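Work through the exercises below with the sequence and the coordinates at hand. Each task is followed by a solution in steps.

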Amino acid sequence: MGLAKRIIPCLDVDNGRVVKGVQFVEIRDAGDPVEVARRYDEQGADEITFLDITASSDDRETMVHVVEQVASQVFIPLTVGGGIRKVEDIRRMLNAGADKVAINTAAVFNPEFVKEAADHFGSQCIVVAIDAKQVSDGDNPRWEIFTHGGRKPTGIDAIEWARKMADYGAGEILLTSMDRDGTKDGFDIKLTRSVSDAVNIPVIASGGVGSLEHLAAGVTEGHADAVLAASIFHFGEFTVAQAKALMAKMGIEIRNMAS
Amino acid sequence: MTSVAILDYGMGNLRSVCKAVEHVAPSAKVQLTHDADCLRQADRVIFPGQGAITGCIQALDKYNLHKVLLECLNEKPFLGICLGLQALYDESEEGGGTTCLGILPGKVKKFPTSMTESENGQVLKVPHMGWNQVCQIQSHPLWQGINQDERFYFVHSYYVEYTEQASVAGTTDYGLKFTAAAARDNIFAVQFHPEKSQHAGLQLLKNFINWNGRL
């Protein structure tokens, strides 16, 4: 009995279509976001995250419509990230039917924005997305925050940053290992556990899932409160239900679908 | 055809509640409103809410909604969601102490940050976010068709302190036991978000639409 660990399929959306790139290079089309979201909902996804990877502001309008359509058919929490820079961007997404927004680059350049957003809308809908890359090895590895899809280092320590964002009012952290993203080698467990143990807000592990065992390891070894994956679900390799069956077998608390 | 007024006081994602109600009751007239007459004329009222209780109570003052809200609480099927549950109690610790509506006796408190899981000692994070089980401790028309210990979606850092009283309709454990649902006469209120709780949540909203406000 207790709070269930969440499984969150992630949809990278480019100009209204779900796509999946491997380390931001190869882009494969994975379908219509509304259909994909509905399929995950039926499989028992606990939440759905949309990352808008569109560059132009015209196409952002498309994202608002996607969220609107999904929100009128899928009744589980929806998170939207990508291009969230102003209070107005948050309001638009919430009004379209999103429950949470993920703030990434804007938080790095202007941490006060996270405070402002949390004061305005409540911590419950402010997710801070952290893209981290390992910068030193050994017994005490260090990870740094990177921006621009993992290309630009910032010199900011990932664990200190996570603590700061929690202090600033983030309600949750979406932690992506840039080293693992798209590799299918599994989560960066050390990174996940270091961040999850350092903050008192929920942490979603992301980046690198290639098998169902990887998802479970994010929870058992990485101490994550939720696990996020994209490609293993998109191309029909595995279903969310299969992931849950495995996690339940391992003794992880999950939400079963009503029969 | 029933009419549903969803109280709009400018906070949080109220549109989700609208969409979910429209989904379960396509023929219902659903209005997002802070107009007193609309609230008076509606057959039933939903008081949703996210964010901070202080802002919620201030917004009720700003729109001059106290009186009409009390009228609705007295006479028609009324569903409180999240802050809409917390606001019904005497007071909340949030915002350095906030006086609430005092419809139900009790206090709203902040989850301690030092709670750990009994089995593995792992820290329990705050906000309490995700799907947790609700133990139905009294039968009620709004629980119809919903399994005992069904999971619903929660997201909150403050909780209604559990005390043994007739109005408690459901409880949830998260480091401590808290009131997840309350019921009295024509009032039902829940800490979780039925509009985001998939099948079980939609069932609860459907039950509310079909409820005549009596037990």
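## Exercise 1: a helix pair

H6 of chain A passes H7 of chain A in a right-handed crossing. The model is a predicted one.

Task: describe how helix H6 and helix H7 of chain A pack, and state which residues meet.

Solution.
1. Two packed helices are described by the angle between their axes and the distance between the axes.
2. For H6 (residues 158–167) and H7 (residues 189–198) of chain A, the angle is about 35 degrees and the axes are 9 Å apart.
3. On the H6 side, the contact involves A:Ile159, A:Ala162 and A:Arg163; on the H7 side, A:Ser194, A:Val195 and A:Ala198.
4. Sorted by class, the residues of this contact are 4 nonpolar, 1 polar and 1 charged.

## Exercise 2: a buried helix face

Task: list the buried residues of helix H8 of chain A and find what covers them.

Solution.
1. H8 spans residues 212–220 of chain A, and its buried residues are A:Leu212, A:Leu215, A:Ala216, A:Ala217, A:Gly218 and A:Val219.
2. Elements of chain A that cover these residues include H7, strand E12 (226–229), helix H9 (231–234) and helix H10 (240–249).

## Exercise 3: a hairpin

Task: determine the sense in which strands E8 and E9 of chain A pair, and examine the residues between the strands.

Solution.
1. E8 (residues 142–147) and E9 (residues 152–157) of chain A pair in the antiparallel sense over 3 bridges.
2. A:Glu144 has A:Asp157 in E9 as its bridge partner.
3. The hairpin has 4 residues between the strands, and A:His148 takes a positive phi near 55 degrees.

## Exercise 4: aromatic pairs

Task: classify the pair A:Tyr40 and A:Phe233, then the pair B:Tyr159 and B:Phe178, and place the residues in the chains.

Solution.
1. Over all chains the count is 13 aromatic pairs.
2. A:Tyr40 and A:Phe233 lie 6.2 Å centre to centre with 65 degrees between the planes, and the pair is edge-to-face.
3. This pair links distant parts of the chain, 193 residues apart: A:Tyr40 is in helix H1 (residues 33–43) of chain A and A:Phe233 is in helix H9 of chain A.
4. A:Tyr40 has a relative accessible area of 0%, so A:Tyr40 is buried; A:Phe233, at 2%, is also buried.
5. For B:Tyr159 and B:Phe178 the ring centres are 6.3 Å apart and the planes stand at 55 degrees, so the pair is tilted.
6. B:Tyr159 belongs to strand E10 (residues 158–160) of chain B and B:Phe178 to strand E12 (residues 177–184) of chain B, 19 residues apart.
7. B:Tyr159 is buried at 7% relative accessible area, and B:Phe178 is buried at 0%.
8. Both residues belong to one aromatic cluster with B:Phe111, B:Phe152, B:Phe154, B:Tyr174 and B:Phe192.

Terms used:
Residues are numbered from 1 along each chain as its sequence is written. Chains are lettered from A and ligands numbered from 1 in the order in which they are written. This is a predicted model: local features need pLDDT of at least 70, side-chain atom pairs count only at pLDDT 80 or more; totals for chains, interfaces and linings use all residues. Side-chain values use heavy atoms; hydrogens and water are left out. Axes are lines fitted to C-alpha atoms, for helices over the stretch in contact, and angles run from 0 to 180 degrees between N-to-C directions. Helices (H or I, at least four residues) and strands (E, at least two) are DSSP runs, numbered from the N terminus. A crossing is left-handed if the near helix is turned anticlockwise from the far one by less than a right angle, and right-handed if clockwise. Contact means heavy atoms within 4.5 Å. Ala, Val, Leu, Ile, Met, Phe, Trp, Tyr, Cys and Pro count as nonpolar, Asp, Glu, Lys and Arg as charged, and the others, Gly among them, as polar. Buried means under 20% relative accessible area, exposed over 50%, partly exposed in between (1.4 Å probe, protein chains only). Two strands pair if DSSP finds at least two bridges between them. Rings of Phe, Tyr and Trp (its six-membered ring) pair if their centres lie within 6.5 Å; planes under 30 degrees apart count as stacked, over 60 as edge-to-face and the rest as tilted.
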